[in-house]
Amino acid sequence: NTFFLASSGSRANAHCQAGPGRLRSLIVCEVAPGRVLVPKPNEAPASADGTMPQMDLAQLRQLGVGGVSGFDSIFVPRSRSSGAEYAIYDPRVVLPRYIVDFSVMGLGSESRFQEPKDLQKLRAELSDLRLQTGHWIPDAIRKKYLELADTIRSKGPDELRPGLWPVERREEPELYDRCADRLSQALADGEGLPLGLEAVMTRLERVEQPKLSASFCEQAASLLFSEETPRWLFFLGCWTRAGKGFTLKTNLTSTVEGGFSLEDSEGAAEDLKKRPPVCAGLYFSTCVASGGAGRQLGTHQILLCEVALGKAKSVSSSEKWSDMAAADVEEHLRSEGYDSVQYQPEERGRKVGVQEWIVCHKMQAVPAYLISYDVQPRAVAARLLQEMMALEERRRQLDAMMAQALQELEQTRRDAAETRFQLDEQLARQLMDEEDAGLKAEKERQANRERLDREQASQMQEWEKAQQEVAKMKAQLKAMERQLEESEARSPGAGSSK
């Protein structure tokens, strides 16, 4: 007689399905918890995981812990992704307020953070077309898919870099938390985790393979019902024909690098009685495979994929085409007007377990995110989560220190550039001054040279004039001497008087 209430939708009413697919219902209640007991793991009266499974209201009212006697309810803290839980033992203090019907598909779309703007625009136009009605919508969606494929193929490796790219929570917190919630929901569905275990997402990586994305768009355009919105589902494995039986292949490394494959091969052996295949094809679900290794202790990986289901045929058991190869199953489905298979087993007319979706063409699905997670005992998981948070904080501090160092380096570089500019300016000014002084000195020398040349020319002219005057005077003197001699020669008494 216990009411369990949780603060997270991933744990509240996890097994209630209001209809086909991922439709669920939650009841939102107003609770008066009274005096709340918070048990500690491995401390009486709590068990190793902190729960008190044998408790009832009468025992709780008489219980004494830490010097306090009498409690009304129990609170069990969980990790962020799991959500806290309350155990209420008196139904009169729980008042239902709202019934919320929702689809897990509405957890948010996984946007492509690094895509060019023209691809983002095409995807937005594709989403807008799906919201419209009219007989022309399917053809318009097919054309948009093909346009999107051509645009992706036209991009070079500098715009769309193929590979695995880490998604950091500090850079894309909404996407990181949404994928953590998807993982928590995937492990809570079906049989859930073994008692006392808890999962923590340790790494999220974005898968970028442009060629696969383009082929996916082309295949989505070729579906009979291409107007149906693709689903985000977890990859369970690939059943292929191997001789007279089936072989399950779950090689994530080759899938991330080259996409899915439906070729016959010898893969990992699987117990067919425990997990009988419906048909050959790629298997997807909203949860981690029941009974699989992904729910056991250790480190695991799972692919979150975009799957073009088109119109799915709902089956509850193997059909007559269960012995066919994937290509033959695909042809048979198309002849009946379907693009994929939706499978949920039934027992005595009642659906049991979780739903799976099967596609029979390898390009009807494309890997989008590779999620790494650890399944550990709750105490270990809590410690691991604390270590991850500490590492995240340390990384944030290192990023801040690196940013400060880069800022100081940039400031030093700017100061050095400014100093160099100032030195260059001073040197240029000095060279200009020296050049001006040289030009001035050269002008002065030229002026002095010209003055000296003029003075020398003037002196030469005066010298030549003086020489001419001396020659003239000599000529005059000689003329006077001749005149005197002639005069003496004509005078008769000149010689006797002597």
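In the predicted model, D177 forms a salt bridge with R169, the closest N and O atoms lying 2.9 Å apart, and R169 is itself partly exposed, its relative accessible area being 35%. This pair belongs to a total of 20 salt bridges.

Two further salt bridges involve K144. The side chain of K144 meets that of E125 at 2.8 Å, N to O, and this pair links distant parts of the chain, since K144 is in helix 3 whereas E125 is in helix 2 (residues 117–130), 19 residues apart. The side chain of K144 also meets that of E147 in a salt bridge of 3.5 Å, N to O; here the partners are 3 residues apart in helix 3 and are therefore separated by about one helical turn. With a relative accessibility of 15%, K144 counts as buried because this value is under 20%, while E125, at 26%, counts as partly exposed, as does E147, at 39%.

Another lysine, K155, is placed in the loop between helix 3 (137–154) and strand 9 (163–166), and at 16% relative accessibility K155 counts as buried. A polar contact of 2.5 Å joins its side chain to that of D118, and a network of salt bridges links D118, K155 and E159. When neighbours within four places in sequence are left aside, K155 is in contact with P116, D118, L119 and L160.

Turning to the surface, V28, Y98 and V100 make a nonpolar patch of about 270 Å². Of these residues, V100 is found in strand 8 (residues 94–103) and is partly exposed, with a relative accessible area of 34%.

Terms used: Residues are numbered from 1 along each chain as its sequence is written. This is a predicted model: local features need pLDDT of at least 70, side-chain atom pairs count only at pLDDT 80 or more; totals for chains, interfaces and linings use all residues. Side-chain values use heavy atoms; hydrogens and water are left out. Patches are made of residues with over 30% relative accessible area and no salt bridge: like charges are joined within 9 Å, nonpolar side chains (Val, Leu, Ile, Met, Phe, Trp, Tyr) within 5 Å. Accessible areas come from the Shrake-Rupley method with a 1.4 Å probe; for residues, only the protein chains shown count as cover. A salt bridge is a side-chain nitrogen of Lys or Arg within 4 Å of a carboxyl oxygen of Asp or Glu. Helices (H or I, at least four residues) and strands (E, at least two) are DSSP runs, numbered from the N terminus. Buried means under 20% relative accessible area, exposed over 50%, partly exposed in between (1.4 Å probe, protein chains only). A polar contact is a pair of N or O atoms within 3.5 Å; within protein, one must be able to donate a hydrogen and the other to accept it, and residues adjacent in sequence count only if both atoms are side-chain atoms. Contact means heavy atoms within 4.5 Å.
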